[in-house]
Amino acid sequence: MIPFALAIHTIAAVIWVGGIFFLLVVLRPASASLGDMTRLTLWRAVLDRFFHWVWQCIALLLITGYGVVFFGYDGFASVGLHVHIMQLTGLMMVALFVLLWTRPWQEFCHALDRGDTPAATRALGRLRGFALANLLLGFFTTVLGAIGAFLSY
Ligand code: HEM
C-alpha cells in the first residue's frame, strides 16, 4: 500500500511541477507572437483545464504524503528532516496556488469577460510571478523527495 501511495504522490508531483514548466518555458514563448485576444483566450482555456488538474494533484499529494507519514512511518516524530522540510515547502506551494487562484486568476477571467485586454494582460503577468515561485519551490520539493532520504540518514 505504501509503495502505491508513493507512486501516486510522485505522479501528482510530476503533473503539477511539469505542467508549470511547460506553461512558462514552452507555451509562453510559443504564444507570444499571437494577437492579444487570441493569446489571452488561449491562456484562459489552457489554465482553466490545468488548474482542475492542479486541485486534484494537491488533494492527492496531501492525502498520500500524510498517509505515508502516519501509516508508513509512526508520525512526524519518526520521519527524516527532509519530510519536515517537504511538508513546509509543499504547504507553501499549496498556499501560493490558492492565492494565485483567488486573486490574479479571478481578475484575469473577469477582465477578459469585459473585454479589458490591458487589465487581463496585467493579471496574467501577476499570475506568472506566482507560477514561477511555485516552479522553483516545486523543483526544490521534488528533488528533496527524491534524494532527501540519502541526506537525512
Ligand atoms: C505537503 C505535504 C507533503 C507531505 C506530508 C509529504 C510526505 C512525503 C513522504 C513521507 C515521502 C517519503 C519520503 C521517504 O520515505 O524518505 C515523500 C516523498 C516524495 N515527495 Fe512528498 N510530501 C508532501 C508534499 C510534496 C510535494 C508538494 C511534492 C512535489 C511537488 C512532493 C514530492 C515528493 C517526491 C518526488 C517524493 C519521492 C517519492 C519517492 O522517491 O518514492 N511531496 N513525501
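So, transmembrane regions: the UniProt record, an unreviewed entry, lists residues 6-29, 50-73, 79-101 and 130-151 under that heading. Keep in mind as we go that what you have on the screen is a predicted model.

Let me put two of those spans next to the coordinates. Residues 50-73 are 96% helix and 0% strand, and the C-alpha atoms at the two ends lie 32 Å apart. For residues 79-101, helix makes up 91% and strand 0%, with the end C-alpha atoms 32 Å apart.

The same record, again as an unreviewed entry, carries a domain annotation, "Copper resistance protein D", on residues 45-146. Over residues 45-146 the chain is 89% helix with 0% strand, and 33 Å separates the end C-alpha atoms.

Now the whole chain. How many helices and strands does the protein chain have? Four helices and zero strands, so to speak in order from the N terminus, α-α-α-α. Helix 1 covers 2-31, helix 2 covers 36-72, helix 3 covers 81-113 and helix 4 covers 117-152. If you rotate the C-alpha trace onto its principal axes, it spans about 55 × 25 × 20 Å.

On to the ligand. Where does the ligand sit? You'll find it in the largest pocket. A shell of 22 residues surrounds the ligand, and the closest are His9, Tyr73, His82, Met86 and Gly145.

Three of those names deserve a zoom. In His9, a side-chain N or O atom is 2.8 Å from a nitrogen atom of the ligand. Tyr73 places a polar side-chain atom 2.4 Å from an oxygen atom of the ligand. And His82 has a polar side-chain atom 2.8 Å from a ligand oxygen atom.

Which helix gives the largest share of the shell around the ligand? That is helix 2, with six residues. Still, helix 1, helix 2, helix 3 and helix 4 each supply at least two residues of that shell. As for its chemistry, the shell has 13 nonpolar residues, nine polar ones and no charged ones.

Let's step back to the pocket itself. The largest pocket has a volume of about 700 Å³. It is lined by 27 residues, and the closest to its centre are Leu6, His9, Gly65, Met86 and Gly145. You'll recognise His9, Met86 and Gly145 from the list of residues closest to the ligand.

Each of helix 1, helix 2, helix 3 and helix 4 puts at least two residues into this lining. For the lining of the largest pocket, the largest share comes from helix 3, with eight residues, whereas for the ligand shell it was helix 2. By class, the lining of the largest pocket holds 18 nonpolar, nine polar and no charged residues.

One more pocket before I stop. The second largest pocket contains about 290 Å³ of space. Its lining has 21 residues, and those closest to its centre are Leu24, Arg28, Trp43, Leu124 and Arg128. Here too, helix 1, helix 2, helix 3 and helix 4 each contribute at least two lining residues.

What are the classes of the residues that line the second largest pocket? They divide into 15 nonpolar, three polar and three charged. Set that beside the largest pocket, where the lining has no charged residues.

That's my tour, and I'm happy to go back to any view you'd like.

Conventions: Residues numbered from 1 in each chain as written. Predicted model: local features only at pLDDT ≥ 70, side-chain atom pairs only at ≥ 80, totals over all residues. Heavy atoms only, no water. UniProt positions renumbered as here; feature names shortened; annotations may be inferred. Near = heavy atom within 4 Å. Polar contact = N/O pair within 3.5 Å; in protein donor to acceptor, adjacent residues only side chain to side chain. 1 Å grid on protein atoms, 1.4 Å probe; cavity = no way out; pocket = protein on both sides within 12 Å on 5 of 7 lines; lining within 4 Å. Sits in = over half its atoms within 2 Å of the grid points. Nonpolar A, V, L, I, M, F, W, Y, C, P; charged D, E, K, R; others polar. Points joined across faces, edges and corners; volume = space filled by probe spheres on them.
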